[in-house]
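Me: Please take a close look at the ligand site, and then follow the connections out from there. I would like one continuous account, with the cut-offs spelled out as they come up.

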Amino acid sequence: MAFVIALAGKGGTGKTTLAGLAVRYIIEKKKMPVLAVDADSNNCLDEALGVDVHATIGKLREESLEVIRSGADRPGGMSMEQLFDYQVQQSLIESNGYDLMVMGRPEGPGCYCAANNVIRKYTDKLSETYPYVVIDNEAGMEHLSRRTTHKVDILLIISDPSTRGIQTAKRIRGLVDELKLEIVQCVVIINRVSGDEVTELTRHAYNLGVEVAGTVPHDLEIADYDLHGKPVFQLPAGSRALKAFYAILDSLNIP
Ligand SMILES: Nc1ncnc2c1ncn2[C@@H]1O[C@H](COP(=O)(O)OP(=O)(O)OP(=O)(O)O)[C@@H](O)[C@H]1O
Ligand SMILES: [Mg+2]
């Protein structure tokens, strides 16, 4: 079974940026293939990784439903499930060291939960063939209660450098416990900090009983990459944010 790393946190805290870097970390440090899962209906992980998306699960599902509705023949007499399995395989975006699966937005009147259930099912299914899975989630806590993420080895809760951000991180942490989610280790990372805030924020987190695994600096290089539409996956190895994030991952005992 794969070792699963998932990211959660409120909007715009840097989940997708750090998810992209987590994929790169595994490839570089563990030398193993990774399944990257974009479980945000407003997919962005492709941009962070620098690949093009040719298919999403949401879209596939609509197409499959269309086949059922129209009563068209399925190739080779495949069952609907076999056809869908095949299509999901085909929809994976293959790149160096990782494959990307994108949930996307279900088109038409389909319910979000359906695409969500499909992504969970295939994340579980594919976990048997990849040693590592990295899941980028949408903002907020809803996906936790919908359980997009099934069994998770490390949940990285990303906070912005504000007291509110840390309070949200604490709420997410609380929900994980409340829902009795299958999460082995759950840590908070404060992203985009500038030097002088670190002590204050860490103290605040401590007072709230939130354990902070580390902080990642606000990095002008990331801002520049963002501005020019360059994938953060290609950040130079000397990037301050990348080095800080790698050091946090090093400390988390990823096998
Ligand atoms: N350490 C950093 N230094 C500078 N800019 C950063 C850093 N981390 C993230 N950013 C920038 O912050 C913005 C939000 O980042 P990102 O899209 O990764 O957040 P998110 O949590 O995935 O957002 P959403 O909730 O919309 O999915 C982006 O413009 C990104 O370039
Ligand atoms: Mg995101």
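Reply: What follows starts at the ligand, then moves to salt bridges and ends with two buried residues. Happily, a little bookkeeping is enough to begin. This is a predicted model, in which local features need pLDDT of at least 70, side-chain atom pairs count only at pLDDT 80 or more, and totals for chains, interfaces and linings use all residues. Residues are numbered from 1 along each chain as its sequence is written, chains are lettered from A and ligands numbered from 1 in the order in which they are written, and side-chain values use heavy atoms, leaving out hydrogens and water.

Around ligand 1 there is a shell of 16 residues (those with a heavy atom within 4 Å of it), and the closest are Lys15, Thr16, Thr17, Arg192 and Asp219. Several backbone atoms make polar contacts with the ligand (pairs of N or O atoms within 3.5 Å; within protein, one must be able to donate a hydrogen and the other to accept it, and sequence neighbours count only if both atoms are side-chain atoms). Gly12 places a backbone N or O atom 2.9 Å from an oxygen atom of ligand 1, and a polar backbone atom of Gly14 is 3.0 Å from an oxygen atom of the ligand. Asp219 instead faces a nitrogen atom of ligand 1, with a backbone N or O atom 2.8 Å away. Taken alone, ligand 1 exposes 630 Å², and the protein buries 81% of that (Shrake-Rupley areas, 1.4 Å probe; for residues, only the protein chains shown count as cover).

Three elements give two or more residues to the shell around ligand 1: α1, β7 (183-193) and α9 (220-227). Helices (H or I, at least four residues) and strands (E, at least two) are DSSP runs numbered from the N terminus. The largest share, 3 residues, comes from α1.

That same helix, α1 (residues 15-30), also holds Glu28 and Arg24, which sit 4 residues apart and so are separated by about one helical turn. Their side chains meet in a salt bridge with an N to O distance of 2.8 Å (a side-chain nitrogen of Lys or Arg within 4 Å of a carboxyl oxygen of Asp or Glu). Arg24 is buried, at 9% relative accessible area, while Glu28 is partly exposed at 36% (buried is under 20%, exposed over 50%, partly exposed in between; 1.4 Å probe, protein chains only).

The whole structure has 8 salt bridges. Another joins the side chains of Glu81 and Lys121, at 3.1 Å from N to O. This pair links distant parts of the chain, 40 residues apart: Glu81 is in helix α4 (residues 80-91) and Lys121 in helix α5 (residues 112-126). Both partners are partly exposed, Glu81 at 45% and Lys121 at 36%.

In helix α7 (residues 163-178), Asp177 and Arg173 lie 4 residues apart, about one turn of the helix. Their salt bridge has its closest N and O atoms 3.2 Å apart, and Arg173 is partly exposed at 32%.

Finally, the buried residues. Ser159 belongs to strand β6 (residues 152-159) and is buried, at 1% relative accessible area. A polar atom of the Ser159 side chain lies 3.3 Å from the backbone nitrogen of Ile166. Leu252, in the segment after α10 (240-250), is also buried, at 4%.
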